[in-house]
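Q: I'd like to learn how to read a structure like this one. Can we walk through it together?

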Amino acid sequence: MPQRPEDGPHGRIYMATSVLIADDDPSISRALSFLMQREGHEVRTVTDGEQALAAIEMQPPDVVLLDIMMPKGNGYEICRTLRANPSYDGVRIVMLTAKGGEADQRVGMALGADAYISKPFAIGEVVSCVKDVLARRRSRTAPPERARRPKAGAANA
């Protein structure tokens, strides 16, 4: 089970990593939720931008799988809001979108996304990407470079 260390009153304890899935497509949200739970993550799901911001404010996740095209606040706006607030520096953002053009990817990365995955995507690609962004988060010596994932050839989600 993926875990993150936290300092407790009796030393270091380990907590399961949390993933917030923000996507208005129920089939994608269900598939990602199943996948992330299977990998041992605690998972919450929301279907629009307002819900995403409220969920993050209530309990910041370790990773947000963030669709760009959602009602009530798109993924770009959410990413911009999170990166403008230092309280959310530890939250990793993986943008998931059907907008797979290079210009769209550059915008997402410039706003502070940690990775960008184009739909349709392969299940293994999402698992690998989440592991990568969590590993970079934990490694204090690793450079804060942002990963860009090319469009996958196969669609499993």
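Q: Let's begin with the whole chain. How much of the protein counts as buried?
A: Keep in mind that this is a predicted model. Of its 157 residues, 46% count as buried. The accessible surface comes to about 8,000 Å², and carbon and sulfur atoms own 52% of that.

Q: Which helices and strands should I look for, and in what order?
A: You'll find five helices and seven strands. Going along the sequence, they follow the pattern β-β-β-α-β-α-β-α-β-α-β-α. Contacts tell you about the fold too: among those with a separation of 6 or more, 62% are between residues 24 or more positions apart.

Q: How do I read a nonpolar core?
A: The general idea is that in soluble globular proteins, nonpolar side chains tend to be buried together. Here, the largest nonpolar core has 22 residues, and Leu66, Cys79, Ile93 and Met95 have the most contacts inside it. Two or more residues each come from strand S3 (18-22), helix H2 (49-58), strand S5 (63-67), helix H3 (75-83) and S6. H3 gives the most, with four residues. Apart from this core lies another one, of 20 residues, including Val19, Ile21, Ile28 and Leu32.

Q: What does cysteine 79 touch, leaving out residues up to four places away in sequence?
A: Cysteine 79 touches Leu66, Ile93 and Met95, and also Gly108, Leu111, Gly112 and Ala113.

Q: Now for a helix. Which residues of H3 are buried?
A: A good habit is to list the buried residues, then ask where they sit around the axis. For H3 the list is Gly75, Tyr76, Ile78, Cys79, Leu82 and Arg83. They span an arc of only 165° around the axis, so they are on the same side of H3. Their cover includes H2, S5, S6, helix H4 (102-110) and strand S7 (115-118).

Q: What caps the N-terminal end of H3?
A: For a cap, check for a side chain reaching a backbone atom. In this case asparagine 74 does the job: one of its side-chain oxygens lies 2.9 Å from the backbone nitrogen of tyrosine 76.

Q: And a charged residue: is arginine 92 buried or exposed?
A: Look at the relative accessibility; the cut-off for buried is under 20%. Arginine 92 comes in at 15%, so it counts as buried. Its place is in strand S6 (residues 92-97).

Q: Which side chain does arginine 92 make a polar contact with?
A: Follow the arginine 92 side chain to that of aspartate 114: a polar contact of 3.2 Å joins the two.

Definitions and conventions:
Residues are numbered from 1 along each chain as its sequence is written. This is a predicted model: local features need pLDDT of at least 70, side-chain atom pairs count only at pLDDT 80 or more; totals for chains, interfaces and linings use all residues. Side-chain values use heavy atoms; hydrogens and water are left out. Buried means under 20% relative accessible area, exposed over 50%, partly exposed in between (1.4 Å probe, protein chains only). Contact means heavy atoms within 4.5 Å. Accessible areas come from the Shrake-Rupley method with a 1.4 Å probe; for residues, only the protein chains shown count as cover. A polar contact is a pair of N or O atoms within 3.5 Å; within protein, one must be able to donate a hydrogen and the other to accept it, and residues adjacent in sequence count only if both atoms are side-chain atoms. A nonpolar core is a set of buried Ala, Val, Leu, Ile, Met, Phe, Trp, Tyr and Cys residues joined through side-chain atoms within 4.5 Å. The arc is that of the directions from the helix axis to the C-beta atoms.
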